[in-house]
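These are my notebook entries on a single structure. I set out what I looked up, entry by entry, and what I found.

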Amino acid sequence: MDHFLYKNGELHAEDVPLREIAASVGTPFYCYSTATLERHFRLFDEALEGTEHLVCYAMKAASNLAILKVLAAAGAGMDVVSGGEYARAIAAGVPGERIVFSGVGKTREEMRLALTGGIRQFNVESEPEMERLNAVALELGVKAPITVRVNPDVDAKTHAKIATGKKENKFGIPISRAREVYAMAAGLEGLEVVGIDVHIGSQLTELEPFRQAYEKVKELTHQLRADGHIIKRLDLGGGLGIPYTRSNEAPPLPTDYGAMVKDVLGELGCEIEIEPGRLIAGNAGVLVSEVIYVKEGEDRKFLILDAAMNDLIRPAMYDAHHDIVPLLEPEAGTVPDTYDIVGPVCESGDTFAKGRELARMSEGALVAFRSAGAYGAVMSSEYNSRPMIPEVLVQGDQFAVIRARPTLEEMLNRDTIPEWL
Ligand code: LLP
């Protein structure tokens, strides 16, 4: 459930008509609902009630500081994958002991930043990373808390580009080698083993792959404990999918997921961490755009929007579906038209949808891309020298710009011309 609903014939974000925001900030823009962010965080938190746990929001999904503040205030920890994300977590007021650091390519500088600023754990993904982290920790005279991310070789049954738990993927250490890697970790003075980490992919629409992975983690926990390691925490990653179409998708709910986690892992007495990103932010955001032209092609109509693939790359990159709806609610019985919905960028990949039915549109009409809160703004770029679009946060009947659109001058001023030119 989200808080983008039609009221009085037009689409609102909570109590604010999106048309009003468009008039104030211009299109295109991203708009997030505070109530939806909070609700989705609470769903996870409540799903794990009864077990010691921490929900670490995977901020790669949407990392605006205002969004992070909303979630931090609700009690979220953060999952970060770069020094930049770590800095965002700290700036949003999240204490180091609630930040976990994931990712296959952590650099020395990133390790130093987190070890000096405070960190709950590093999720280590390889032996060379382990050695480097050990060296950095020893230099600083501290112990780095770690889990090892294991790769359980499970098929997540999701898009190939976002599956991470098969042996051909670059992530984690094969679970079959985990015991030797933990033995190595135990011999490194600068490290303190605190648990196990696993993350098998994103936009999973079934519980079964999670269950398979977590069963393997359970078995490993027993083995590692028998080997003398202290396994007090299990980081189970993120990945629970969301419905991108209103009609036919029904991925499992956080409550089902939580019940399965407790069922499989409850007996171990471990603290549970999870790292949801998409499920918290995805349906908490929309992308609002204006129709620039309706172009009659030879055999189809093109709806040319002012948003493009640089603003929302998911359709071009993963063939992802986003529902696109008019801000003005179509009257009952309106016969829809069929459009290819495209942006102004100069490549055919800049196509959001083909043959999509939509109420008849004309120039100046406004539309919203639903489910655009996760992996939308964060993956945008200035391709074609299109300024990054603003982000807006709504709470009840108020809204605020949480990232402004740069002026063309600001955009150009980031380049410098060498003096020899
Ligand atoms: N933890 C780790 C270690 C991850 O790599 C990810 C996502 C998450 C948590 C959060 O997963 P989520 O709950 O959001 O599924 N850009 C792609 C998605 C990439 C996901 C990468 N890792 C997309 O737009 O679909």
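**Entry 1: a strand residue**

Is Leu54 buried or exposed? I note at the outset that the model is predicted. I looked up Leu54 in strand β5, which covers residues 53-58. Its relative accessible area is 6%, and buried means under 20%, so I recorded Leu54 as buried. I then took the C-alpha to C-alpha distance from Leu54 to Met78 and found 9.2 Å, for a sequence separation of 24 residues.

**Entry 2: a residue of helix α8**

I turned next to Val217, which belongs to helix α8 (residues 208-226). With a relative accessibility of 1%, Val217 counts as buried. For its separation from Phe122 I obtained 18 Å between C-alpha atoms, the two residues being 95 residues apart along the chain.

**Entry 3: helix α2**

Does the end-to-end distance of helix α2 agree or disagree with the span expected at 1.5 Å a residue? I took residues 34-47, which are the 14 residues of this helix. The expected span is 1.5 Å times one less than the number of residues. That gives 20 Å for α2, and the C-alpha atoms at its ends are 20 Å apart, so the two agree. I also listed the buried residues of α2, which are Thr34, Thr36, Leu37, His40, Phe41, Phe44 and Ala47.

**Entry 4: a polar side chain in a strand**

I looked up Asn151 in strand β9, residues 144-151. Asn151 has a relative accessible area of 7% and is therefore buried. What does the side chain of Asn151 reach? I found the backbone oxygen of Phe171 at 2.9 Å from it.

**Entry 5: the ligand**

How many residues surround the ligand? I recorded 18, of which the closest are Ser202, Glu275, Arg278, Arg314 and Tyr375. I then went through individual contacts. The side chain of Glu275 places an N or O atom 2.6 Å from a nitrogen atom of the ligand. The side chain of Arg314 likewise has an N or O atom 2.6 Å from a ligand atom, here an oxygen. For Gly239 the contact is made by the backbone, with an N or O atom 2.9 Å from an oxygen atom of the ligand. The ligand taken alone exposes 590 Å², and the protein buries 91% of that area.

**Entry 6: salt bridges**

I searched the whole structure for salt bridges and obtained 27. I examined several in turn.

Lys7 and Asp15 meet through their side chains, with an N to O distance of 3.0 Å. Lys7 is partly exposed at a relative accessible area of 30%, and Asp15 is partly exposed at 46%.

For the salt bridge between the side chains of Lys301 and Asp337, I recorded 2.7 Å from N to O. This pair links distant parts of the chain, since Lys301 is in strand β15 (residues 301-305) and Asp337 is in strand β17 (residues 337-342), 36 residues apart. I found Lys301 partly exposed, with a relative accessible area of 22%, whereas Asp337 is buried, with 12%.

The side chains of Glu391 and Arg403 form a further salt bridge, at 3.8 Å from N to O. Here too the pair links distant parts of the chain: Glu391 is in strand β20 (residues 391-395) and Arg403 is in strand β21 (residues 398-403), with their positions 12 residues apart in sequence. At 4% relative accessibility Glu391 counts as buried, while Arg403, at 31%, counts as partly exposed.

Which residues are linked in a network of salt bridges? I noted Arg120, Arg233, Glu271 and Glu273.

**Entry 7: a nonpolar surface patch**

Which residues make the nonpolar surface patch of about 480 Å²? I recorded Ile417, Trp420 and Leu421. I followed up Leu421, which is placed in the segment after α12 (408-413). The relative accessible area of Leu421 is 73%; exposed means over 50%, so Leu421 is entered as exposed.

Key:
Residues are numbered from 1 along each chain as its sequence is written. This is a predicted model: local features need pLDDT of at least 70, side-chain atom pairs count only at pLDDT 80 or more; totals for chains, interfaces and linings use all residues. Side-chain values use heavy atoms; hydrogens and water are left out. Patches are made of residues with over 30% relative accessible area and no salt bridge: like charges are joined within 9 Å, nonpolar side chains (Val, Leu, Ile, Met, Phe, Trp, Tyr) within 5 Å. Accessible areas come from the Shrake-Rupley method with a 1.4 Å probe; for residues, only the protein chains shown count as cover. A salt bridge is a side-chain nitrogen of Lys or Arg within 4 Å of a carboxyl oxygen of Asp or Glu. Helices (H or I, at least four residues) and strands (E, at least two) are DSSP runs, numbered from the N terminus. Buried means under 20% relative accessible area, exposed over 50%, partly exposed in between (1.4 Å probe, protein chains only). A residue is near a molecule or strand if one of its heavy atoms lies within 4 Å of it. A polar contact is a pair of N or O atoms within 3.5 Å; within protein, one must be able to donate a hydrogen and the other to accept it, and residues adjacent in sequence count only if both atoms are side-chain atoms.
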